[in-house]
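User: Please go through the aromatic contacts here and justify the labels used for them. I would like to see the reasoning behind each one.

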Amino acid sequence: MTTFTPRVFSGMQPTGNLHLGNYLGAMLNWIKLQETQECIYCVVDMHAITLWQEPKELHKAILEVTAAYLACGLDPKRSIIFNQSQVQEHAELAWIFNCVARMGWLNRMTQFKEKAGKDKEQASVGLYVYPNLMAADILAYKATHVPVGEDQKQHLELARDIAGKFNLDFGDAIREAGYNGDFFPLPEPFIIGPATRVMSLRDGAKKMSKSDPSDLSRINLSDDADTIARKIRKAKTDTDGLPSEAAGLKGRPEAENLVGIHAALSGQSVEQVLAQFGGGQFSRLKEALAELSVAKLGPIGRETRRLKADPGHVEGILADGSARARAIAAPILREVRKIVGFVVS
Ligand code: TRP
């Protein structure tokens, strides 16, 4: 067995604004990882066009998501921050993986079924092979660890299957090329636990989502302080007071969500939050949460807006990140071409 140098890769789509769910669910984790790991964080614009995007909107969204990455604390000196389409190796490896992955594997992907809806005949072919591109994103860097939400677990398993099948199918060529074991690592998921699942502020049974038609359902990272406070105050609650124990949150998704958000933002456990607010009215928790959210997210919103007003700076970060990403991916793809049998000059 080959041991691979640990390397983290993850990505988000540039569609809509980032919100509190992205921040608590993914971003905090990404920021922590960059302190100890080599990390590559991608704005996956090629994934975005699997559903049609208005070109001007897409362009703006790529810069906005990058601005939000930076405002949250991803450090372009430490980590590589770039947009996918500027590194052609992703598309090239995705093609090879289209020829490694099996139809049967993709037919099992639940996200395709959800996104394609009833009329599969009208879905883009890109939406169908999306998981192969995701595998290419990761493996173009031989990344070993991938922080993703629960909803991406199946795609990550597919990436492992693709890596494994490539290693097997081309085993002889891989050994002839001088590797004494596998060419690709089997990337490990870091599944971000259910504790950080942030739900809609209007319906505790739904995930906080950028596609929810109600803006009151989510806190965008670009919201200003007043908007943040207003959304928390208006958040849906039930009519009971707050329990003093975590068990009392069962079956009360709105209460559980607000307590969970407070815990995540204040770095406490749910029990600690309930020790402080349990037995009291919701309004007390909401006031404290509004204040805490403004304190934590207000500066991120300000920095996001400042960076959005300076697109040249953000483009410069992406150009630099793309060059550094390419420097890793290009030699790996050169090896892949040789292993597959292409003539490489
Ligand atoms: N499919 C992921 C999502 O929608 C985004 C993504 C694309 C990704 N490529 C990736 C995540 C590679 C991790 C690694 O959330």
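Analyst: This is a predicted model. The whole structure holds twelve aromatic pairs.

User: What makes the pair of Phe 166 and Phe 170 tilted?

Analyst: The ring centres of Phe 166 and Phe 170 are 4.8 Å apart, and centres within 6.5 Å count as a pair. Their planes make an angle of 40 degrees. Stacked needs under 30 degrees and edge-to-face over 60, so the pair is tilted.

User: Why is the pair of Tyr 179 and Phe 183 called edge-to-face?

Analyst: The planes of Tyr 179 and Phe 183 stand at 85 degrees, with 5.1 Å centre to centre. An angle over 60 degrees counts as edge-to-face, so the label applies.

User: How do you know whether Tyr 179 is buried or exposed?

Analyst: Tyr 179 has 22% relative accessibility. Buried requires under 20% and exposed over 50%, so Tyr 179 is partly exposed.

User: And why is Phe 183 called buried?

Analyst: The relative accessibility of Phe 183 is 0%, which is under 20%, and therefore Phe 183 is buried. Phe 166 also has a relative accessible area of 0% and is buried. Both residues belong to one aromatic cluster, whose members include Phe 97 and Phe 184.

User: What makes Lys 142 count as lying over the face of Phe 183?

Analyst: Lys 142 is 3.7 Å from the ring centre of Phe 183. The distance limit is 6 Å, and NZ must also be within 35 degrees of the ring normal. Lys 142 is listed as lying over the face of Phe 183.

Key:
Residues numbered from 1 in each chain as written. Predicted model: local features only at pLDDT ≥ 70, side-chain atom pairs only at ≥ 80, totals over all residues. Heavy atoms only, no water. Phe/Tyr/Trp six-rings, centres within 6.5 Å; stacked < 30°, edge-to-face > 60°. Buried < 20%, exposed > 50% of the residue type's maximum accessible area, 1.4 Å probe, protein only.
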